[in-house]
Amino acid sequence: MTKTLSRRRLLATGTACAFAGLAGSQLDTSLAFAADPSYSGDVLVLLSMRGGFDGLSAVVPHGDPGYYAARPGIGVPKAQLIGGDAFFGLHPALAPLLPYWTGGQLAAVQAVGQPAPNRSHFSAMEELERAAPGTSIRTGWLNRMLGTSGAGPADPFHAVAMGTAMPARVLSGPAPYLGLTAVDHLKLNGDQADRPIAATMSKLYAGAPAALAATAGQLTGALSRGAALRAAGYAPANGAVYPGTGLGDALRDVARLIKSGAGLRTATVDSGDWDMHENLGVAAAGRRMYDQLTAFATALAAFAADLGPDGMRRVTLITISEFGRRVTQNGSAGLDHGYGNAMFVLGGGVRGGKVYGRWPGLAADDLRDGDLAVTTDYRAVIGEILRARCGVGDMSGVFPGVTASSLGVIKPR
């Protein structure tokens, strides 16, 4: 193996795989997947918009005159907005998602963010994923969620960081998880017919003490599942066509795992390149923000189409970002690091077609040091979803000191 063994996660890259699980847990090595009967909640998909997503470009407050005054060169004209109401409208590049907006499966929350401004990419993302400011907690909130959602035996397939071999901070903690560049890459380096490393490892640990045997069993079991998935192949359903992007590939594999019955409870996916300090562009094809939003919307629309209405009934996808952008454009026709932002929520349980949250206004006196103020803690929004859709009753174990919001963005199961 080219990666070191760790007790906490199962990390798989192109041809390398390292395992981490909790001693005493056991992974079913059967090739016939089945959903975990101990969990009846939604699969929660967390899409991180890394770099500082500009929620004011995506969910445009056309009813606030401060928006166009602050962005004379990059503001999205009201006439181009889609899916709008008397105050908000969506960027036209989000057109692939319009059927889900009008059909009630996609909603947005505006003026959402962390409890305090933090304009550093690294520290803001760290705090976003730890989600426990003012405490000594060092685990990620998704890992904590796994411990409070009625989890059965520890299984690395419960949680997947898709599209990356890097450790996912939001999943850091005692519950095991997989880090996969792709489902088809879940295998041991050098494991082949004439050199059966996985089979040899299985025999080696057959008579080992329980703690060691269980860990090795999780590893070999996960590898067996990966082999079964590769052998089965995958073709998206319902005419879904994923874009050939990292986000499209990752969401395709998440849909694949959901439909395989592998027991997935949560998956994280990254979408990068949102740090647009310059040349954000007008709302037209070929311009930076427009093309980024088009790729984003196309990938999400393919994911929803692939799962179909039945699949989407048990899936909720949410977007987060470390911070929003400044309200006022800079001298390079871009936007510097800001504060308040927008979140999207997509799923069968969403009360969609609406922008939620209390709007703080864009007048000078309403801003927080020149930024959109935050009126809703992002953890409270996620908390509402966890409570209504994922079976998390006591929020303190996931987000200490936070009360779930009552926005009504999600329907109870």
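## Salt bridges and a kinked helix

Arg 119 has a relative accessibility of 33% and therefore counts as partly exposed, while Asp 371, at 0% relative accessibility, counts as buried. Both residues belong to a predicted model, and in it their side chains meet in a salt bridge with an N to O distance of 2.4 Å. Because Arg 119 sits in the loop between β6 (106-113) and α4, and Asp 371 in the loop between β12 (355-356) and β13 (376-377), this pair ties together parts that are 252 residues apart in sequence.

The protein chain as a whole contains 10 helices and 13 strands, and 55% of its 413 residues are buried. Among the contacts with a separation of 6 or more, 72% are accounted for by residues 24 or more positions apart. The chain exposes about 15600 Å², of which carbon and sulfur atoms supply 54%.

The count of salt bridges comes to 15, and three of them are listed here with the distance between nitrogen and oxygen.

| Acidic residue | Basic residue | N to O distance |
|---|---|---|
| Glu 129 | Arg 50 | 2.7 Å |
| Asp 371 | Arg 119 | 2.4 Å |
| Asp 275 | Arg 325 | 2.9 Å |

Glu 129 forms its salt bridge with Arg 50. Since Glu 129 lies in helix α4 (residues 121-130) and Arg 50 in the loop between β3 (43-49) and α1 (55-58), the pair ties together parts that are 79 residues apart in sequence. Glu 129 is buried, with a relative accessible area of 5%, whereas Arg 50, with a value of 27%, is partly exposed.

Asp 275 is paired with Arg 325, and this salt bridge links distant parts of the chain, with Asp 275 in the loop between β9 (266-271) and α9 and Arg 325, 50 residues apart from it, in the loop between β10 (315-320) and β11 (341-347). Here the acidic residue, Asp 275, is partly exposed at a relative accessible area of 26%, and the basic residue, Arg 325, is buried at 2%. Elsewhere, Asp 42, Arg 389 and Arg 413 are linked in a network of salt bridges.

Helix α9 (residues 288-312) spans only 30 Å between its end C-alpha atoms, although a straight helix of 25 residues would span 36 Å at 1.5 Å a residue. A kink of about 55° lies in α9 at Asp 306, shortly before the proline Pro 309. Of the 25 residues of α9, 18 are buried, so the helix is largely enclosed by the rest of the structure.

Conventions:
Residues numbered from 1 in each chain as written. Predicted model: local features only at pLDDT ≥ 70, side-chain atom pairs only at ≥ 80, totals over all residues. Heavy atoms only, no water. Helix = DSSP H or I, 4+ residues; strand = E, 2+ residues; numbered from the N terminus. Buried < 20%, exposed > 50% of the residue type's maximum accessible area, 1.4 Å probe, protein only. Contact = heavy atoms within 4.5 Å. Areas by Shrake-Rupley, 256 points an atom, 1.4 Å probe, with all protein chains shown as cover. Expected span 1.5 Å × (residues − 1). Bend = angle between axes of the 7 residues up to and from the residue. Salt bridge = Lys/Arg side-chain N within 4 Å of Asp/Glu carboxyl O.
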